[in-house]
Amino acid sequence: MAESRLLRDIQLAAADRGVRLFRNNTGNGYVGTLVRRLPSGEAVLRDWRRIQFGLCPGSADLIGWRSLTITPDMVGKRIAQVVAIEAKTGDTRATAEQLAFLRAVLEAGGVSGIARSVAAARALIYE
């Protein structure tokens, strides 16, 4: 299964249980005013600047929340708990930055992990 399909399937499965997950593309590029597009596929930009997109390097593919109801001794309020899922297909591995991000979410009280299937994502979210 392609990673893009896995991501979509995880999002749909999570939504069935009220969990909101958003695609978090990370990377960098350049923006500016297009002066000319070259036959080679390159472009000439004026007033260009480098931009980074996504939450941060290593942040998970899917970021969102699940709603929790706090117990009566905690005033009975509902809160949102952060959910971060890194989707992997085949034998691809998470980078050190991705593992650090997932660990930070866990240490802060969120839900995070690597999912190679919808079933694995469900197990992370609903355990």
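**Exercise 1. Decide whether D47 is buried or exposed, and describe its backbone and its place in the fold.**

Solution. D47 has a relative accessible area of 61%, and because exposed means over 50%, D47 counts as exposed. The next step is to locate the residue, which belongs to strand β3, spanning residues 43-53. The last step is the backbone, where D47 shows a positive phi of about 55 degrees although it is not a glycine. As throughout these exercises, the values are computed from a predicted model.

**Exercise 2. Find how many salt bridges the whole structure holds, and work out which residues are linked in a network.**

Solution. A search of the whole structure finds four salt bridges. Begin with D9, whose side chain meets that of R5 at 3.6 Å, N to O, and also meets that of R8 at 3.3 Å, N to O. Taken together, R5, R8 and D9 are linked in a network of salt bridges. For the pair D9 and R5, the setting is helix α1, in which they lie four residues apart, about one turn of the helix. Now compare the accessibility of the members: D9 is buried at 16%, whereas R5 is partly exposed at 47% and R8 is partly exposed at 43%.

**Exercise 3. State which residue forms a salt bridge with K88, and decide whether each partner is buried or exposed.**

Solution. The partner of K88 is E86, and the closest N and O atoms of the two are 3.5 Å apart. To classify them, recall that buried means under 20% relative accessible area. K88 has a value of 8% and is therefore buried, and E86, at 1%, is likewise counted as buried.

**Exercise 4. Describe the order of strands in the four-stranded open sheet, and explain why one side of β1 and of β6 is left without a neighbour.**

Solution. The order of the strands is β1-β4-β5-β6, and the pairing is mixed. Strands β1 (20-23) and β6 stand at the edges and have a single partner strand each, so one side of each has no neighbour in the sheet. From one strand to the next, the twist averages 20 degrees. Turning to one pair within the sheet, β4 (residues 62-69) and β5 run antiparallel and are joined by eight bridges, and G64 stands opposite V83 in β5. Finally, add the helices: α2 (residues 96-107) packs on the sheet, touching β4, β5 and β6, with its direction at about 145 degrees to that of β6. Helix α3 also packs on the sheet, where it touches β1, β4, β5 and β6, and its direction makes about 165 degrees with that of β6.

**Exercise 5. Identify which residues of the largest nonpolar core touch the most other members, and which elements supply the core.**

Solution. This core has 17 residues, of which I10, L21, V83, I85 and I125 touch the most other members. At least two residues come from each of α1 (3-15), β5 (78-87), β6 (111-115) and α3 (118-126), and α1 gives the most, with five residues. A closer look at I125, leaving aside its neighbours within four places in sequence, shows contacts with A14, V19, L21, R66, V83, I85 and V111. There is also a second, separate core of six residues, among them A60, A84, L102 and V105. As background, nonpolar side chains in soluble globular proteins tend to be buried together.

How values were computed:
Residues are numbered from 1 along each chain as its sequence is written. This is a predicted model: local features need pLDDT of at least 70, side-chain atom pairs count only at pLDDT 80 or more; totals for chains, interfaces and linings use all residues. Side-chain values use heavy atoms; hydrogens and water are left out. Buried means under 20% relative accessible area, exposed over 50%, partly exposed in between (1.4 Å probe, protein chains only). A nonpolar core is a set of buried Ala, Val, Leu, Ile, Met, Phe, Trp, Tyr and Cys residues joined through side-chain atoms within 4.5 Å. Contact means heavy atoms within 4.5 Å. Two strands pair if DSSP finds at least two bridges between them. Axes are lines fitted to C-alpha atoms, for helices over the stretch in contact, and angles run from 0 to 180 degrees between N-to-C directions.
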